[in-house]
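Welcome! Let us take a friendly walk through a structure that may be new to you, with an eye on where there is room inside.

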Amino acid sequence: MTDRKDELAANLAKVEERIAAACAAAGRSREEVTLIVVTKTHPADDVRMLSELGVRHVAENRDQDAAPKAAECADLPLVWHFVGQLQTNKVRSVVGYADFVQSVDRSKLVTTLSREAERTGREVGCLIQVALDAGASGRGERGGVGPDGVAELAGLVADAPGLRLDGLMTVAPLTGEYAGREQAAFGRLMDLSTDLRRAHPAANMVSAGMSADLEQAVAAGATHVRVGTAVLGVRPRLR
Ligand SMILES: *Cc1c(COP(=O)(O)O)cnc(C)c1O
C-alpha cells in the first residue's frame, strides 16, 4: 500500500466514525446517510485508491477537471455527482459522465440537460440547488435558486424527458440570516424537502453538509453528505 492510500484510508475511517456518531446522536440508522467524496482538484490516482477503499460516490465541481478524470476512471464502479455551477456550454460534456447533477438552479439549464440526456439516451438524476442566502434576485452568489423558486424549477425537471427529479442540495450560507447557523440552514432545507415531496414523493434526496458541518447536516436529516478536505486533505491550488 502506498503512503497516500494509507492516508486516505485513515481519513476515510475518521469521516466514517463522524458520520456513524452523528447518526447515532440523531437516532438515525447509518444506512440513511450516503457519503459522497468530493475529489475536485485531486488526481485520478486518488479517485482510483478511494474506489479500492470502498468509496462508491464521488463528486466534482469543474468540468475541465472532471471530464478527463472520469474518463480515466471509467472502469471503476463509481457514481459521479456534479456539484458545481454549470454553464450550459459544458452540459454536453457533463452529461457524458455525471449520474447526478446536484446544481440545477435555472430553467435554461433544465432545458439543456434534458436535450443532452435525451440525445445520449442517459437518465440524469437532478437535485435543485437551493440558495438559502438568495437576495432579491432570487439567486445565490455561488449558484442556487432561492426557496421561492424551488417548486417551479422542480416541476420543470419532473416534466423534462431524460431527467429524474431526485431532491434538493444546499451549501451552508456564509452570509445572510443563516451565516454561522448551519443547523438552522439545514433545517430549512429539510422543510423545503418536505414541501417538495408532497408534489414529488420520490424526490427524497437531501444533499447537505461538508467537512466542517456534516454533523449538523446529519442531525437535520440529510441523506447525502459531500466531504472533500476531511478525506483528501487540503486541496492543491486551482490551476
Ligand atoms: C468542495 C465542495 C464540497 C466539499 O467541501 P469540503 O469542505 O472540502 O468538504 C462540498 N460541496 C460542494 C458543492 C463543493 O464545491
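The paragraphs below go from the open space to the ligand and then to an enclosed space. Please keep in mind that this is a predicted model.

A good way to begin is to look for gaps. Rolling a probe the size of a water molecule over the atoms shows where empty space is left. In this model, the largest pocket has a volume of about 590 Å³. It is lined by 22 residues, and those closest to its centre are K40, N61, V171, M210 and R235. Sorted by class, this lining is made up of 9 nonpolar, 8 polar and 5 charged residues.

What takes up the space of the largest pocket? The ligand does. Around the ligand you will find V38, K40, V83, M210, S211, R226, V227, G228, T229 and R235. That shell divides into 4 nonpolar, 3 polar and 3 charged residues.

Now zoom in on the oxygen atoms of the ligand. Which residues place a polar side-chain atom 2.5 Å from a ligand oxygen atom? S211 has a polar side-chain atom at 2.5 Å from an oxygen atom of the ligand, and T229 also has a polar side-chain atom at 2.5 Å from a ligand oxygen. With G228 it is the backbone that takes part: one of its polar backbone atoms is 2.8 Å from an oxygen atom of the ligand. How much of the ligand is buried by the protein? On its own the ligand would expose 390 Å², and the protein buries 88% of that area.

Finally, turn to the enclosed space. The count gives 1 cavity of 30 Å³ or more, and the largest cavity holds about 90 Å³ of space. Its lining consists of Q129, V130, A131, L132, D133, G140, E141, R142, G143, T170, V171 and P173. By class, these are 5 nonpolar, 4 polar and 3 charged residues. You may recognise V171, which is among the residues closest to the centre of the largest pocket and also lines the largest cavity.

Terms used:
Residues numbered from 1 in each chain as written. Predicted model: local features only at pLDDT ≥ 70, side-chain atom pairs only at ≥ 80, totals over all residues. Heavy atoms only, no water. Near = heavy atom within 4 Å. Polar contact = N/O pair within 3.5 Å; in protein donor to acceptor, adjacent residues only side chain to side chain. Areas by Shrake-Rupley, 256 points an atom, 1.4 Å probe, with all protein chains shown as cover. 1 Å grid on protein atoms, 1.4 Å probe; cavity = no way out; pocket = protein on both sides within 12 Å on 5 of 7 lines; lining within 4 Å. Sits in = over half its atoms within 2 Å of the grid points. Nonpolar A, V, L, I, M, F, W, Y, C, P; charged D, E, K, R; others polar. Points joined across faces, edges and corners; volume = space filled by probe spheres on them.
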